[in-house]
Amino acid sequence: MRAWLKAGIAVPAGRRSKWIVLAGWLIAVMAFSTLAGKVGEVQDTSANAFLPRGAESTQVNTELEKFRTDELMAAVAVYSGDEVLGSDVRAAVEADRTAFAKIAAKGQQIPEAVPSKDGKALMVVVPLSSTDQAVMADKVEELRTVAAAQAPPGVTTEVGGIAAVTTDAVKIFETLDSTLMAATALVVIILLLLTYRSPFLWLFPIFAVGFSSVLTQAGTYLFAEYAGLQVDPQSSGVLMVLVFAVGTDYALLLISRYREELYRNEDRHAAMRIALSRSGPTLLASAATVAVGLACLGLADMNSSRSMGLVGMIGVVFGFLAMVTILPALLVIAGRWLFWPLIPRYGTTPRAALSVWDRVGNVVAARPRRSWLLSLAVTGVLALSAFGVNMGLGQSELLEGKPDSAAAQETLAKHYPSGAADPAVVIVKTSQTDAVTKAVQGTDGVVDVTVAGRTPDGELTQLAVVLEGAPAGEAAQGTVEKLRERTDALVGGQAAQTLDKVNATERDLWVVVPAVLLVILLVLTLLLRSLVAPLVLLATVVASYFAAFGSASLLFEHVLDYPGMDWSVPLLGFVFLVALGVDYNIFLMHRVKQESALHGHAQGVIAGLRSTGGVITSAGLVLAATFAVFAVLPLVAMAQMGVIVGIGVLIDTFLVRTILVPALALDLGARRFWWPAKPADRETAAPGTSLDGKEPELERV
């Protein structure tokens, strides 16, 4: 750490080197800007991108490629009414079938319309070519136009099926990045204006984030193109939000410390060098914590979780590099005027704007045990709602606003066996087709079995199996388990994919969560050179996660009216919240350690809270608001993750960091909290003593 500081801390703050740093970043941005625009070219939008690696349903999707000379996806046109459909409706549907033949994939026949048992619905399956996503989307819209144009009065027409679901999802993903970027930038700019109360200062963190975003996207493209990094539209969208969030957080901490030093140093270059030397270890520890925590998602079986973690790690690394290089250089180049109208003049005393944190610290210090017990009670009450959460979302529930494909799925489920529009897929050796078909037909929960096709070499046969239960329901998943037990065939399709996601998510929770906790504990131990303090800090962040999870579940059920929680949310929410939330404990406790060496433990805790209170609160609000942007997206899983992280960050900011952690530190006392180190004997230091440029030490036992 010290070698890193000595070798590189002066570079962005030097009188000449600041220009070199600026020139270097400008050259890098211009050189890599073309690559940054190519991230969309390496995105994986296939079904396997959102499935577990190595799962049986994933293998089925791979095997299906052998059946296709032209890749096909089924669209399902459903006609329904309140009464039994008459001959006029049937005639209109037959006319539509003729029109659909011109839209279907070349050489594909349109099966006859399938009536429901209650006679109130008709279903037509239309195979579409999926080799070109844009063309398939146009075909789906044509189907919708044709079906709606000739529908008799009183008949509702909807187009669903996997082709329509994919089309509706792609429409959202097409505008996802631009929507997220615009909303995130607007939120961050407003909060920075409110924080700094300067018409100029907010521009510099935004400039620095812009620099880092270019290299982040370019790096993501290069890793995807040449190192096999999987990038899906979801992780690509989260990437820019994460860069904005962590970049702005680090900028707030650095600028706050720089402003402190401007009051003490006439030379702004010296002020920046000291600010970097004081905040550099904290920023490095924070970035390392978040990056390594996200990297632990690389241990996950879910491809989408692995992508989210590894892509996010790239964003954190470049965000950190920008905030300790180009941001300091820009700030030093601009000079003190950028803080106008509250310019920090050398030799003056800053206004006591943070006296509120003195009052909070004194209240906590007066009754530390009562403070942390009450804080834990609050988090415990909030966490109670985490029990009994309804997990899992159906295909029609993944998108908000009920697009046409979701409405079609609901209509199909109402009038047909739930799996009729999306049958399970069984891949079997052709020589075993009869035996497997017999075994499948004799399985409880199976409605119908038909041969759907054979590979050109005749080696494999595909069976379409209609299940009784809804594809995302427990009944259909149970039937898939029975099919896998009774046959040696590969079983895929929506129900099998849901089952594999559930199993993979449970496995990932048991593998990734301990790994994240362990690596964060190691980072905190290295930073604080203590064993007890890191354990306490980590426990408080875990407590805030459960409180956030419980609070969010209440919000989902009673306010946002979600039918359940997506299986990916608990793991991703935990990793993001713990990795990001522990940042504030790092910011606080690193300053407490410095102040404790000067003023003693009790005064050091209060001084640390006073010094970091404003900046951590601002950073928490920015981070929470940034992730809250996800809540406005029509992708339910991303909205839910954003809500959990946003609530958790607020709990960390206003309860955990403000009351719980200081109270525990005070109640445990210096020797127990910092064990096995013990604080230096500085109890007699003058109350107003400030740091003298050397980082305080904790003496070893």
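**Exercise 1.** In this predicted model, find out whether Glu595 and Arg591 are buried or exposed, and work out how the two are related.

*Solution.* Start with the surroundings: Glu595 is buried, and Arg591 is buried as well. Next, place the pair in the fold. Both belong to helix α19 (residues 569-599), and because they are four residues apart, about one helical turn separates them. Now look at the side chains: a salt bridge joins Glu595 to Arg591, with 3.1 Å between the closest N and O atoms. Finally, widen the view, since these two belong to a network of salt bridges that also links Arg257, Glu260, Glu261, Arg264 and Arg278.

**Exercise 2.** Take the salt bridge between Glu141 and Arg144 and decide how exposed each partner is.

*Solution.* First, the contact: the two side chains meet with an N to O distance of 3.1 Å. Both residues sit in helix α5 (residues 133-149), three residues apart, about one turn of the helix. Then apply the cut-off: buried means under 20% relative accessible area. Glu141 has 29%, so it counts as partly exposed, while Arg144 has 14% and is therefore buried.

**Exercise 3.** Do the same for Asp508 and Arg507, which form a salt bridge.

*Solution.* Their closest N and O atoms are 2.9 Å apart. Asp508, at 1% relative accessibility, counts as buried. Arg507, at 31%, is partly exposed.

**Exercise 4.** Check whether the radius of gyration of the chain agrees with that of a compact globule.

*Solution.* For 701 residues, a compact globule would have a radius near 27 Å; the chain has 29 Å, which agrees. To round off the picture, note that buried residues make up 58% of the chain.

Notes
Residues are numbered from 1 along each chain as its sequence is written. This is a predicted model: local features need pLDDT of at least 70, side-chain atom pairs count only at pLDDT 80 or more; totals for chains, interfaces and linings use all residues. Side-chain values use heavy atoms; hydrogens and water are left out. The radius of gyration is taken over C-alpha atoms; the globule rule is 2.2 Å times the number of residues to the power 0.38. Buried means under 20% relative accessible area, exposed over 50%, partly exposed in between (1.4 Å probe, protein chains only). A salt bridge is a side-chain nitrogen of Lys or Arg within 4 Å of a carboxyl oxygen of Asp or Glu. Helices (H or I, at least four residues) and strands (E, at least two) are DSSP runs, numbered from the N terminus.
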